[in-house]
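Thanks, everyone; I would like to take a few minutes to walk through one model, going from a single residue to the way some of the helices pack. Please have the sequence and the structure open while I talk.

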Amino acid sequence: MNKTDRLLAIVLELQRKEVVRAEDLATLFETSVRTIYRDIQALSEVGVPIIGAPGTGYSLMEGYFLPPIGFTVPEAVSLLIGTDFIEQRFDDDYRVRAQAARGKIEAILPESIRNETSRVRKAMRLLISDKQGRQSKEKEYLEKIRRAILDVQKISFHYAKRLADSEGNRHSVRTVAPYGLVLVQGSWMLVARCDLRQEIRHFRLSRMTELINLEERFELPAHFNLREYTPPDDRHLIVRLRFNHDIADKVKESNYHYIEDMEEHQDGLHVVLRVHQLDELLQWVLGWGAGVIVLEPESFRNRIREETKKMLKRY
């Protein structure tokens, strides 16, 4: 940390706490106590009203705030929860930055706003349900890909598709130009131009292995804007299911991304789904056991019937 950043950080630390000892500041900023003394003197010389009490520590004159930014309680809560989210879902570099940002935000809040914000935040909590191993892997790859995007460099990785292709293959090696990262229903997705397919494709970070940042550079198309990008929707197969009433609420709460429509009927919950391939729904439908029945298409009814026969042979 250079001197300018440290001076600002000292002021923010003094705003956040009533009294701070030079020894504590030296430990926090990994410098000597003598350097902290010089920093305090420099701040005083430029007009920052620092009060020093021998044997106690330093404090700011009451009413002094830097920078002159005011937040309401809801605004402060929104920002601080945002830092919580980034700390949990982004890579280690941004985790550290989120922690630093949270400290700065808390430091510039007046005591009354800070206390009320703390009270509101104690009533809210973000929980990440992912397994620790998968989460760590995603964060590691997230940082590598993020750097490749910023450096405009290609990456290479082994990829496992959820379903096999027409030749029965699920695994492949891809070299891509990374355009952007999107968090979709709790999972990170890479939007990239694939050298193999010669078009924009989407890749889940959780299905990647052996990711390598390459030296080869690429040029981001001038017309591409991640915020405006809408992937082509080629899901043309319609599936209709009927669920028993006793599991209808669970189906609604599943937020399954293939669901297009749901409607309560006397005989159960009717659900319409739209997919690329029928096998995409196989495991999900089987997971509901006897609580669901396939209404159409007939080919999917037969597919479920074949799978249940295979299951019976195992038991």
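Ile50 sits in strand E1, which covers residues 50-53, and I should say at once that what we are looking at is a predicted model. Is Ile50 buried or exposed? Its relative accessible area is 16%, and because buried means under 20%, Ile50 counts as buried. If we set aside the neighbours within four places in sequence, Ile50 is in contact with Leu14, Ile40, Leu43 and Ser44, and also with Tyr58, Ser59 and Leu60. Asn2, by comparison, lies 48 residues from Ile50 in sequence, and the two C-alpha atoms are 21 Å apart in space.

Turning now to the helices, the axes of H1, residues 3-16, and H5, residues 92-108, come within 7 Å and cross at roughly 55°, which makes H1 oblique to H5. The crossing of H1 past H5 is left-handed, and the residues that make the contact are Leu12, Gln15 and Arg16 on H1, with Gly103, Lys104, Glu106, Ala107 and Ile108 on H5. Sorted by class, that contact has 3 nonpolar, 2 polar and 3 charged residues.

H5 comes up again with helix H6, residues 111-121, in which Ile113, Thr117 and Arg121 are buried. Viewed down the axis of H6, these buried residues fall within an arc of 65°, so they line one face of the helix. Ser112 and Arg119, on the other side of H6, are exposed, while the cover over the buried residues includes H5 and helix H4, residues 73-89.

Key:
Residues numbered from 1 in each chain as written. Predicted model: local features only at pLDDT ≥ 70, side-chain atom pairs only at ≥ 80, totals over all residues. Heavy atoms only, no water. Axes fitted to C-alpha atoms, helices over the stretch in contact; angles between N-to-C directions. Helix = DSSP H or I, 4+ residues; strand = E, 2+ residues; numbered from the N terminus. Parallel < 35°, antiparallel > 145°, perpendicular 65-115°, else oblique. Left-handed = near helix turned anticlockwise from the far one by under 90°. Contact = heavy atoms within 4.5 Å. Nonpolar A, V, L, I, M, F, W, Y, C, P; charged D, E, K, R; others polar. Buried < 20%, exposed > 50% of the residue type's maximum accessible area, 1.4 Å probe, protein only. Arc of directions from axis to C-beta.
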